[in-house]
Amino acid sequence: MHSAVAQQEIPSVNLDEQTLQLDLLPNLQFLRTDSTNQLSTVQTLDGWTRSGDFSPLPQNQSLWARISLHQQSNGSMRYGLLLANPTLDEVDVYLLDDKGRIRRSLLMGASRPFSARELNHRDFLVPLELLPGDKMDVYIRINDKGPLVLPIKLWRYSELIGQEQLNLALLGVVGGALIMLALYYLVSYTLLHSPVRFWFSLSNLCFLLLFLNVEGILAQMLRISAFISELTLVLVAFALTASAKVAHLMLVKVPAYWRYCSYILSLLLLATPFVLDQYWQIIAAIGFAGASLCLQLLLAWQFRDKGHGRPNRLYAIGWSTVALACLLSSGLYLLGMVLEEKQGLILTFVALFGVLLIALAVEIHEQGKALSHYELQRSTISDLRRFYDLFRNSAEGLYTSTLNGKLITTNPAMCSLFGYENEQQMLSECRNTSQLYANQADRQALLEEIKKNGVVLGKEIRGVKRNGSEFWFSISVQMRRENKEEFMFGAIADITERKESNMSLEYMATHDPLTGVYNRREFERRLRKALRNAESQDSELTLLYMDLDQFKVVNDTCGHKAGDVLIKQLSQQLNQVVETKGLLARLGGDEFGVLLESDQANDQNAYLLANKILNVVQQFRFFWENRIFTLGISIGLVPYTKQVHSPEQLLSMADSACYMAKEQGRNQIHTYSKKDDKIQRYETELHWVSLINKALTENRFELYYQHYHPLAKLAQGYHYEILLRMQGDEGEQLVSPGLFMPAAERYNLTAQIDRWVIEHYFQWLSQNPEHKEQLIRANINLSGHSLGDKELRLFVLNAFEKYGIPYQKVCFEITESMAIIKMDETLQFIKTFHQLGCRFALDDFGSGFSSYGYLKSLPVNYVKIDGGFVKDLLNDPVSMAMVSSIKEVAKAMGMKTVAEFVESKEIMVELGKMGVDYAQGYGVAKPAALSEFQPLTSG
């Protein structure tokens with residue numbers, strides 16, 4: 001018990017004349033106890049210790065500290081007990097005499113009214129007066145939510161006053177520096193309107209308030225100390241926001257997302273006082289502030305002005321210095337470590353030095369901007385001088401005027417362009433720019449366009465010179481608003497020579513060079529426009545398509561020169577007839593067109609005009625070298641209907657009507673009608689011709705095959721006839737040759753089709769060598785035009801060599817009728833390829849005339865009996881006799897026979913009995929695509 005009492009003795013400190021200041025913290029005894037315990041209870045408790053636990057207090061605990069002071073000097077002394085941490089929530093000080101009686105008690109703290117303090121001091125100061133030999137026990141109760149930082153010292157009062165004066169002087173230096181910076185940059189902002197100055201001024205204001213708040217001066221001035229911690233965090237958040245704005249303005253093109261990151265960190269810091277307690281507020285503040293500072297340093301490095309990097313380097317160094325001082329001070333505070341006055345002073349001045357570096361960076365940055373602005377101004381002035389020189393010496397006419405036409409400035413080129421001697425003369429005589437336009441409507445259109453778009457480029461207008469002569473100029477104008485008035489800035493160039501040249505070129509582009517009437521291109525353009533008008537306005541329109549008769553006679557007998565003279569003379573007479581009624585154009589060598597619109601396009605007027613043209617041509621006489629020629633003309637007349645949708649369609653209809661006029665005897669008028677059978681047949685043929693040409697160009701043909709079946713022996717290998725199909729309009733439907741070949745024969749396209757078939761079939765054979773090996777014979781049809789085409793003969797020979805096709809594997813089929821009509825060409829063709837090993841078949845034998853008489857003259861290997869006899873074989877004795885007769889004659893001449901149109905097994909059996917060699921038809925196999933070839937199955 002004795003040792004326990006000894007342990008609980010209050011530590012004692014002796015005071016004498018030499019005691020000026022004394023750090024009490026190492027001499028204090030500490031005790032953590034329930035926050036509800038009173039002094040009397042605490043005095044009796046055990047557990048007091050010199051090594052204090054300065055970790056944050058739990059909610060229900062208080063920290064007590066005690067010490068005993070002995071005055072050993074001869075005279076009385078005044079002291080001050082100073083607890084220099086103004087953020088502590090509750091600080092209770094009890095002073096007891098040597099008999100344990102409470103002489104004084106002070107209940108202070110940041111959470112209590114400032115008036116509870118005995119002295120108006122930013123920290124917690126307790127005055128003491130000790131007489132010689134006095135003993136005083138001091139008990140201090142502390143209750144706080146944050147780190148326990150307890151800088152407790154005992155000062156001789158005179159020494160304390162000197163220290164306070166020094167502290168106030170230092171505070172004045174730091175505060176004054178920040179006030180000066182804030183005011184300087186605020187005033188300079190009002191003068192220079194530089195945003196970076198405003199935000200840096202705001203930053204310094206925040207730094208000043210933050211410094212005063214941390215030192216407790218703000219609470220002392222406002223006599224409110226309850227929100228020191230919260231106010232500190234708010235000021236830090238505002239300081240970081242303002243500093244971030246400074247950084248963003250000093251750096252180059254900082255992306256928006258990085259700016260938002262800076263602001264979000266400040267907002268998070270601003271929110272911490274409302275969601276965290278005091279201890280975690282400090283930790284969160286250190287984290288968010290540190291992250292924000294790191295972000296600013298990163299941005300300062302990443303987005304620095306590479307051409308002027310010194311401000312950014314100073315800015316980064318300054319922020320690093322401020323961050324180092326603040327983070328070091330905050331870290332030590334968080335750990336409960338007490339800084340000496342000198343250490344705190346050093347950190348304060350380090351932070352102030354960092355702020356000064358930032359200020360220097362801002363100033364250098366602003367000077368750089370001012371220098372750049374000065375350079376820009378100097379460059380602008382230089383550009384203006386160059387512009388003025390260009391304005392004066394420009395080859396183009398340059399001017400400035402108001403929107404209502406008042407001429408303000410002009411250059412020498414402008415004066416020369418309009419015939420004035422100098423600028424003064426032009427400005428005095430030309431009262432309004434409207435004087436410069438030949439047509440006022442042009443100026444009005446220019447004004448409307450520039451009001452709408454703000455700019456007009458290269459508009460071509462006829463102008464008037466001072467002497468009244470007209471010329472063409474190109475004008476480019478821009479409208480600008482200056483001093484609340486709109487001005488026009490324009491450039492004018494003389495384009496008279498080019499315009500006249502263009503007009504000549506335009507005439508050449510739209511007119512026929514020989515006749516002087518419109519050409520086909522311009523006629524089709526006008527026709528397209530007229531069709532649009534007819535559709536939209538429901539107006540009338542008629543087209544005349546004219547083809548001269550007997551013009552070829554003049555060309556063939558007198559030459560093309562005479563033909564050109566004839567066309568020119570006749571065009572002049574036609575133009576006199578059509579001139580005011582419609583539009584005449586030369587559409588081809590001897591073809592003309594007339595476009596009639598509105599009233600002139602009705603049925604009566606159109607027909608009357610066509611008759612006048614007919615009469616003019618009939619009366620026309622052409623004289624050339626003592627010869628007289630007369631001409632005729634066939635005219636197709638087509639009125640517009642709702643079913644017409646394009647110029648091409650209308651021209652095609654007119655061409656059809658003109659063709660009918662020729663077919664009906666020439667030198668007459670034929671009006672187009674959809675109900676006319678001849679026109680329908682003609683247009684159908686033209687449609688097939690178009691599809692055939694498209695198929696030849698785009699490979700829209702498809703090869704088919706149909707097997708031959710031997711009737712007198714077993715089938716060995718492949719023996720078939722190559723057939724042809726064509727894709728229709730839709731591209732999917734296949735068309736048989738019976739539909740398109742008549743049009744092909746009429747318009748001499750059969751030779752091109754034969755080329756396509758031979759080329760593509762030979763190519764397919766070369767790509768399928770196994771099929772070629774198994775092939776016995778392939779029959780390919782040739783038209784009569786191909787037999788007489790020498791170039792086709794050479795083409796076929798080259799194709800055999802090109803694709804390596806054995807001659808004996810190919811049999812060419814020729815029709816009986818064409819072979820007889822072109823006997824010489826047929827014999828020459830057969831002779832050429834017979835010698836090489838090819839076979840020949842006479843197709844459709846029996847359908848022609850004098851068949852047996854010509855058969856001896858044609859050295860063919862096969863005779864194909866016309867299908868008309870074969871399909872009625874079982875029912876018609878005459879057909880039976882014809883087939884038998886053809887077979888006997890062919891056999892006598894050493895030729896084999898092939899029966900076409902074998903549609904049933906019964907017919908095939910009968911043909912076999914009669915001695916026919918081969919059968920072909922649906923009863924054997926249907927035609928199929930060559931690309932999907934299947935061998936013939938015996939069935």
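The structure holds 25 salt bridges, and it is a predicted model. One of the pairs joins K459 to E449, with the closest N and O atoms 3.6 Å apart, and another joins K864 to E900 at 3.5 Å from N to O. The count of disulfides, by contrast, comes to zero. The points below take up the salt bridges, the surroundings of K864, the cysteines, helix α30 and the residue L208.

**Salt bridges**

- In the bridge between K459 and E449, where the closest N and O atoms are 3.6 Å apart, K459 belongs to strand β13 (residues 455-464) and E449 to helix α13 (residues 440-453), with their positions ten residues apart in sequence.
- K459 is partly exposed, its relative accessible area being 24%, and E449 likewise counts as partly exposed, at 30% relative accessibility.
- D512 and R586 form a salt bridge whose closest N and O atoms are 3.3 Å apart; this pair links distant parts of the chain, since D512 sits in the loop between α14 (496-510) and α15 (520-537) while R586 sits in strand β17 (residues 583-586), 74 residues apart.
- Both partners of that bridge, D512 and R586, are buried.
- A network of salt bridges links four residues, namely E90, D92, R112 and R141.

**K864 and its surroundings**

- K864 is found in strand β30, which runs over residues 862-865, and it is buried, with a relative accessible area of 0%.
- The side chains of K864 and E900 meet in a salt bridge of 3.5 Å, taken from N to O; because K864 lies in strand β30 and E900 in the loop between β31 (896-899) and α31 (905-914), the pair ties together parts that are 36 residues apart in sequence.
- E900 is buried as well, with a relative accessible area of 8%, and K864, at 0%, also counts as buried.
- Besides this bridge, the side chain of K864 has a polar contact of 2.9 Å with the side chain of E721, and a further polar contact, of 3.1 Å, with the side chain of Q920.
- When residues up to four places away in sequence are not counted, the residues that K864 touches include Y708, E813, V898 and the run A841, L842, D843, D844 and F845, together with its polar partners E721 and Q920 and with E900.

**Cysteines**

- Which cysteine sulfur is nearest to that of C838, given that the count of disulfides comes to zero? The nearest is that of C811, at 8.7 Å, and C838 is in no disulfide.
- A disulfide is a covalent bond between the sulfur atoms of two cysteines.
- The cut-off for the pair of sulfur atoms is 2.5 Å, so the distance of 8.7 Å between the sulfurs of C838 and C811 leaves C838 without a disulfide.
- C838 counts as buried at 0% relative accessibility, and C658 is likewise buried, with a relative accessible area of 2%.

**Helix α30**

- Helix α30 has 16 residues (residues 877-892) and should span 22 Å at 1.5 Å a residue, which agrees with the 22 Å that separates its end C-alpha atoms.
- The buried residues of α30 include S879, V883, I886, K887 and A890; they cover an arc of only 100° around the axis, which means that they lie on the same side of α30.
- On the face of α30 turned away from the buried side are the exposed residues P877, V878 and A892.
- The N-terminal end of α30 is capped by D876, one of whose side-chain oxygens lies 3.1 Å from the backbone nitrogen of V878.
- Just after α30, G894 adopts a positive phi of about 75°.

**L208 in helix α4**

- L208 is part of helix α4, which covers residues 195-214, and it counts as buried, with 9% relative accessibility.
- Which residues does L208 contact, once its neighbours within four places in sequence are left aside? L208 is in contact with G175, L178 and I179.
- The C-alpha atom of L208 is separated by 109 Å from that of D549, a residue 341 places apart from L208 along the chain.

Definitions and conventions
Residues are numbered from 1 along each chain as its sequence is written. This is a predicted model: local features need pLDDT of at least 70, side-chain atom pairs count only at pLDDT 80 or more; totals for chains, interfaces and linings use all residues. Side-chain values use heavy atoms; hydrogens and water are left out. Helices (H or I, at least four residues) and strands (E, at least two) are DSSP runs, numbered from the N terminus. Buried means under 20% relative accessible area, exposed over 50%, partly exposed in between (1.4 Å probe, protein chains only). A polar contact is a pair of N or O atoms within 3.5 Å; within protein, one must be able to donate a hydrogen and the other to accept it, and residues adjacent in sequence count only if both atoms are side-chain atoms. Contact means heavy atoms within 4.5 Å. The expected span of a helix is 1.5 Å times one less than its number of residues. The arc is that of the directions from the helix axis to the C-beta atoms.
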